[in-house]
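Me: I've got a structure here and I'd like to go through the labels people put on it. Could you show it and then take my questions?

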Amino acid sequence: MGKLTGVLIGCGAIAREHLTVLAELNNVEIVAVCDISTARAEAAAERFGIARSYTSHRDLLADLRPDLVHITTPPASHFPIAQDCLAAGLNVFCEKPMTVRYSDFCTLKQLARDKGCMLMENQQNRFHSSIQSIEELIRSGELGDVIEVQICLSLNITGANSPYVDENAPHFGLTLSGGVIGDFLPHIAYLVYMFTGKIVDVAYWVEQAQARLASAGRRVSRHDKG
């Protein structure tokens with residue numbers, strides 16, 4: 001069996017994490033990258049020794065038929081790009097959150113089923129050694145019955161070097177429903193689901209950090225309960 005081929009759409013910061021790991025795999029070859037910025041696309045291709053770069057994902061899809069497409073663009077663009085990829089019969093691996101609206105996710109899910117394609121959101125923390133160790137403790141019965149799960153993420157999102165407070169380049173997370181919390185919520189959600197199963201009710205609150213961002217004049221959205 002030959003190498004699997006992949007392409008990556010969106011050459012920002014998280015793309016470098018994907019490309020760094022993919023470069024270490026012997027059975028995968030990234031054959032092209034794409035970004036609306038010519039400079040970012042060409043820089044990523046040069047840095048990782050990738051043969052081709054594009055500024056239009058539709059041009060890329062017209063030229064190539066990879067085994068897998070990595071989508072690492074900001075969340076608002078995930079839906080149209082993933083839809084185009086799935087419609088072309090390509091497997092999709094998408095950064096979180098997969099879509100901004102649940103209805104869009106449902107559309108992608110059905111399209112993937114119709115086309116017989118894989119559609120997967122990046123949930124890398126499932127494979128962290130600490131998470132796998134906890135899973136093994138539960139499976140073995142050593143931990144006992146799970147009656148409560150707490151997931152905590154410790155990030156200084158308002159620190160001096162945080163991308164969330166960079167006035168020159170507003171972070172996409174600030175435009176999400178729930179603001180910055182919405183950017184990290186998928187990680188919390190899938191980890192909770194792993195240990196509790198189906199969710200039947202949800203309670204939430206606004207973190208102090210979100211209020212601090214708002215008071216600093218940053219644009220932060222809130223999700224109304226309903």
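Me: Is the crossing of α6 and α7 left-handed or right-handed, and what makes it so?

Reply: The crossing of α6 and α7 is right-handed. The convention looks at how the near helix is turned from the far one, by less than a right angle: anticlockwise is left-handed, clockwise is right-handed. Bear in mind that this is a predicted model, where local features need pLDDT of at least 70, side-chain atom pairs count only at pLDDT 80 or more, and totals for chains, interfaces and linings use all residues. Residues are numbered from 1 along each chain as its sequence is written, and side-chain values use heavy atoms, leaving out hydrogens and water.

Me: At what angle do the axes of α6 and α7 cross?

Reply: They cross at roughly 15° and come within 11 Å. That angle makes α6 roughly parallel to α7, since the cut-offs are under 35 degrees for roughly parallel, over 145 for roughly antiparallel, 65 to 115 for roughly perpendicular, and oblique for the rest. The axes themselves are lines fitted to C-alpha atoms, for helices over the stretch in contact, with angles from 0 to 180 degrees between N-to-C directions.

Me: How many helices and strands does the chain have?

Reply: There are eight helices and six strands. They are DSSP runs numbered from the N terminus, H or I of at least four residues for a helix and E of at least two for a strand. Along the sequence the pattern reads β-α-β-α-β-α-β-α-β-α-β-α-α-α.

Me: Why is Pro-97 called buried?

Reply: Its relative accessibility is 11%, so Pro-97 counts as buried. The scale is under 20% relative accessible area for buried, over 50% for exposed, and partly exposed in between, with a 1.4 Å probe and protein chains only. Pro-97 sits in the loop between β5 (91-94) and α5 (102-115), and a cis peptide bond with omega of about -20° joins Lys-96 to Pro-97. Over the whole chain, buried residues make up 36% of the 226 residues.

Me: What makes Lys-96 and Asp-183 a salt bridge?

Reply: Their closest N and O atoms are 3.0 Å apart, and the rule asks for a side-chain nitrogen of Lys or Arg within 4 Å of a carboxyl oxygen of Asp or Glu. So the pair qualifies. This one links distant parts of the chain, with Lys-96 in the loop between β5 and α5 and Asp-183 in helix α7, 87 residues apart. Both Lys-96 and Asp-183 are buried.

Me: How do you know that Arg-52 and Asp-63 form a salt bridge?

Reply: The N to O distance is 3.7 Å, so the pair passes the same kind of test. Arg-52 is in strand β3 (residues 52-54) and Asp-63 in helix α3 (residues 57-63), 11 residues apart. Arg-52, at 37% relative accessibility, counts as partly exposed, and so does Asp-63 at 46%. A search of the whole structure finds six salt bridges.

Me: Why is Val-146 called partly exposed?

Reply: Val-146 has a relative accessible area of 35%, so it falls between the buried and exposed limits. Val-146 is in the loop between α6 (129-140) and α7 (180-196).
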